[in-house]
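Work through the exercises below with the model open beside you. Try each task before you read its solution.

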Amino acid sequence: SGNDQNKEAVAAAGGIPPLVALVTHGSDSAKQKAADALGFLTSGNDQNKEAVAAAGGIPPLVALVASGNDSAKGKAALALGILASGNDQNKAAIIAADGIPPLVALVTNGMDDHGKKYAAQALGILARN
């Protein structure tokens, strides 16, 4: 969902790599907002899904699910689920980045119901063909 033209404009302006960098090196709040933005930018947009992966965005999102604050974990899990949806290369990259254990941990031990839901959805998407 969202505005497809705006998603394309953000990507065309080079917005994806700095968001990936923010997920990697930002403050807790910045990491959460960047993960949220990456989720919006990739929802229903295959080119942006590929661009996030090409920018190295999957490992830092996995790391955020593992070690972020509760809200950031949920936003990162949501972004990973969106990245995996309909994209076998991204599914493989999430698995290769050891993304399944932190998603399972979030479902099991998460303090935030939204985060638990997003992690469960991501696991379901990863399990599908």
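Three exercises with solutions follow.

This is a predicted model, where local features need pLDDT of at least 70 and side-chain atom pairs count only at pLDDT 80 or more, while totals for chains, interfaces and linings use all residues. Residues are numbered from 1 along each chain as its sequence is written, and side-chain values use heavy atoms, leaving out hydrogens and water.

**Exercise 1.** Describe how helix 2 and helix 3 pack.

Solution. Step one: find helix 2 at residues 16-25 and helix 3 at residues 28-42. Helices here are DSSP runs (H or I, at least four residues), numbered from the N terminus. Step two: take the angle, about 145°, and the distance between the axes, 8 Å. Axes are lines fitted to C-alpha atoms over the stretch in contact, and angles run from 0 to 180 degrees between N-to-C directions.

**Exercise 2.** Find what Val 65 is in contact with, leaving aside its neighbours within four places in sequence.

Solution. Step one: use the cut-off, heavy atoms within 4.5 Å. Step two: list the partners of Val 65, which are Lys 73, Ala 76, Ala 77, Leu 80, Pro 102, Leu 103 and Leu 106.

**Exercise 3.** Place Asn 45 and decide: is Asn 45 buried or exposed?

Solution. Step one: Asn 45 lies in the loop between helix 3 and helix 4 (46-54). Step two: its relative accessible area is 6%, so Asn 45 is buried (under 20%; exposed is over 50%, partly exposed in between, with a 1.4 Å probe and protein chains only). Step three: the Asn 45 side chain reaches the backbone nitrogen of Gln 47 at 3.2 Å. Step four: beyond neighbours within four places in sequence, Asn 45 is in contact with Lys 7 and Glu 8.

Conventions:
Helices (H or I, at least four residues) and strands (E, at least two) are DSSP runs, numbered from the N terminus. A polar contact is a pair of N or O atoms within 3.5 Å; within protein, one must be able to donate a hydrogen and the other to accept it, and residues adjacent in sequence count only if both atoms are side-chain atoms.
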